[in-house]
Amino acid sequence: MVQINFAKKEVSCKIVYYGPGLSGKTTNLEIIYKKAPDSNKGKMTSVATEGDRTLFFDFLPLDIGKVGGMNTKFQLYTVPGQVYYNSTRKLVLQGVDGVIFVANSEKGKMDENIESLKNLEDNLKEQGINISEIPLVIQFNKRDLPDATPVAEMEAKLNPWKVPTCEASAFRGEGVFPTLKLTAAIVLDRLNKKYAPKSASDKAIAEVNGHKLLLADFEKFCVTHYRLSGKKEPPGGAKFSRSEKENYLNIYINNFLIRLAAKEQGIEADEKAVAAQIEGAASKFGSKDNFIKYLKEKNLTEEDYKEEAVNRTLSNKLLAGIIPDHRDRISPKEEQLREVYEKNRDKFPGAFDQERKKVEAQALKTNRLQVMEEMYKEIRSEARIKTYL
Amino acid sequence: MDEFKASRLIFYKDDIDQIEKVIDEFIKKSDSKCSILIDKDGHLVTKRGQSTQFDPETLSALVAGSFAATREMAKLLGETEFTVLFHKGLKDNIHLSLVGNRAILATIFNDQTTIGMVQLYHKEASEKIEKIFEISAKKPRKETKFHEDFGKDAKQKLDEFFGS
Ligand SMILES: Nc1nc2c(ncn2[C@@H]2O[C@H](COP(=O)(O)OP(=O)(O)OP(=O)(O)O)[C@@H](O)[C@H]2O)c(=O)[nH]1
Ligand SMILES: [Mg+2]
């Protein structure tokens, strides 16, 4: 089992070379020991018989350096291949993270290969591991032998799971690194899937009716929205508090729901309506050029505003369907105008008739917001929303 | 779920800090040279005390291997487990003991001290470390994550190391 040590910022994985006796497991390790740079390897230790047959295991620690800030190590072990040593083989296999099965291509060794592979399957099962689930690479070794069993035959007889395979001639140093690289890549990929956060580009901020809203898009939206609101941006860019983000996320989700609903109902934001929206906003600046200049100062483009204009256009169009009496409710009654006027005399210092237009505009805005809120509530009530703020 | 958590080999900074304190204290009290803590799969967890010649990772693999072997011996003899191993050398000796079911504490000492002293304090230290593991397993952990570039980095590192 991979050890993850957050104190030492270290990841340590156990890779075991398995296979029948004399297939070349120890030779694989010897080659790695010989070829790996000194700074990346520890000592190679062999617990072997006088005759060089592995008795317990060979061991070689390998350190490939920092991966994503974690010092990444592989502890390489070989098992004794001889049938007789099954109990020690099991011990070495304990806690394995990746297996390299070294098959012997020598003529007449197929049965031994098959038996050893079966033995691997059984011993893994004892640990509760299904052979098809563990990172496994099969090496066809001794390809240099003139009468080596054809690769196709080895593939057919030894690889029902279609795991990656590698041809090698270990004692010539061929195929040894590629086999280990392949295995290490699978082991690290597993770790990555399990422990690394999704890369920023596909991290979600919310899920709405099964659609993923991306964090990166939302962050852009926050900045654009902040700039559009006309607020002065501090040097180094705007930072948002949690409550501000919550607020923006609400708006962001509302916008998304509006677009979803519009799509469902076949409602589109036609060019004309959008242009009218933009014109309306520009009119406050005297001319469209002034408006664009203003946007530019705020680091915004016309496109940014257009996005907003589309949202407004779609909202307006949807409103009719969701709140049929919206016109009636938005246009202010005489009574409301009086009330707004009286309550905000600091804003409206003139006589009522003089200020009437401004009062009307304010009341209209308030009513509009209210009706919009109601619409959003209505749309949200049927939506499935999950947020990850 | 709890079982799964206990069987995972994840060590956090706060636990390791505590464990190292326990081991340092043990080395001082028992007058040993150094100690290494090894997880049950033979990966080194931490090494404390005087620096010595040996490669701690190789020692970890051998200690875990010999412990695994004695466990099998114990089973054959109808014992549940031999919890302590001791090897005597000319200069240095090594004392090994199980810490709960997930680690082994190995200590090297010479004739400055006695096996009795080492054994006495080893037991105490093992129990303390086991306690730390137990508490740790129950701590609600905000899953510490790798850097998001782990995957990308891994590919690059493997290419560098093994050639592409
Ligand atoms: N022709 C040939 N011989 C090889 C190759 N790789 C290893 N050998 C030889 O095969 C014999 C056994 O190699 P080892 O690496 O000791 O085999 P092992 O798998 O570790 O064997 P056990 O420890 O008994 O399980 C040695 O004589 C090696 O030189 C190869 O690619 N081609
Ligand atoms: Mg061998």
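**Notes on aromatic and charged contacts**

1. Across all chains, the count comes to 21 aromatic pairs. Please keep in mind that this is a predicted model. A nice example is the edge-to-face pair of A:Phe57 and A:Tyr77, with 5.4 Å centre to centre and 65° between the planes. A:Phe57 belongs to strand S4 (residues 54-67) of chain A and A:Tyr77 to strand S5 (residues 70-78), so this contact ties together parts that are 20 residues apart in sequence. Both A:Phe57 and A:Tyr77 are buried.

2. A:Tyr77 has a charged partner as well: the charged end of A:Lys14 sits over its ring, 4.6 Å from the centre. Likewise, A:Lys41 places its charged end over the ring of A:Tyr33, 4.6 Å from the ring centre.

3. One aromatic cluster draws on chains A and B, being formed by A:Phe6, A:Tyr195, B:Tyr12, B:Phe146 and B:Phe150.

4. Turning to charges, there are 34 salt bridges over all chains. A:Asp270 and A:Lys317 form one of them, at 2.6 Å from N to O. A:Asp270 is in the loop between helices H7 (242-264) and H8 (271-283) of chain A, while A:Lys317 is in helix H10 (residues 302-322), so the bridge ties together parts 47 residues apart in sequence.

5. Within helix H5 (residues 176-195) of chain A, A:Asp189 and A:Lys193 are 4 residues apart, about one turn. Their salt bridge has its closest N and O atoms 2.8 Å apart. A:Asp189 is partly exposed at 34% relative accessible area, whereas A:Lys193 is exposed at 62%.

Terms used
Residues are numbered from 1 along each chain as its sequence is written. Chains are lettered from A and ligands numbered from 1 in the order in which they are written. This is a predicted model: local features need pLDDT of at least 70, side-chain atom pairs count only at pLDDT 80 or more; totals for chains, interfaces and linings use all residues. Side-chain values use heavy atoms; hydrogens and water are left out. Rings of Phe, Tyr and Trp (its six-membered ring) pair if their centres lie within 6.5 Å; planes under 30 degrees apart count as stacked, over 60 as edge-to-face and the rest as tilted. Helices (H or I, at least four residues) and strands (E, at least two) are DSSP runs, numbered from the N terminus. Buried means under 20% relative accessible area, exposed over 50%, partly exposed in between (1.4 Å probe, protein chains only). A charge sits over a ring if NZ of Lys or CZ of Arg is within 6 Å of the ring centre and within 35 degrees of the ring normal. A salt bridge is a side-chain nitrogen of Lys or Arg within 4 Å of a carboxyl oxygen of Asp or Glu.
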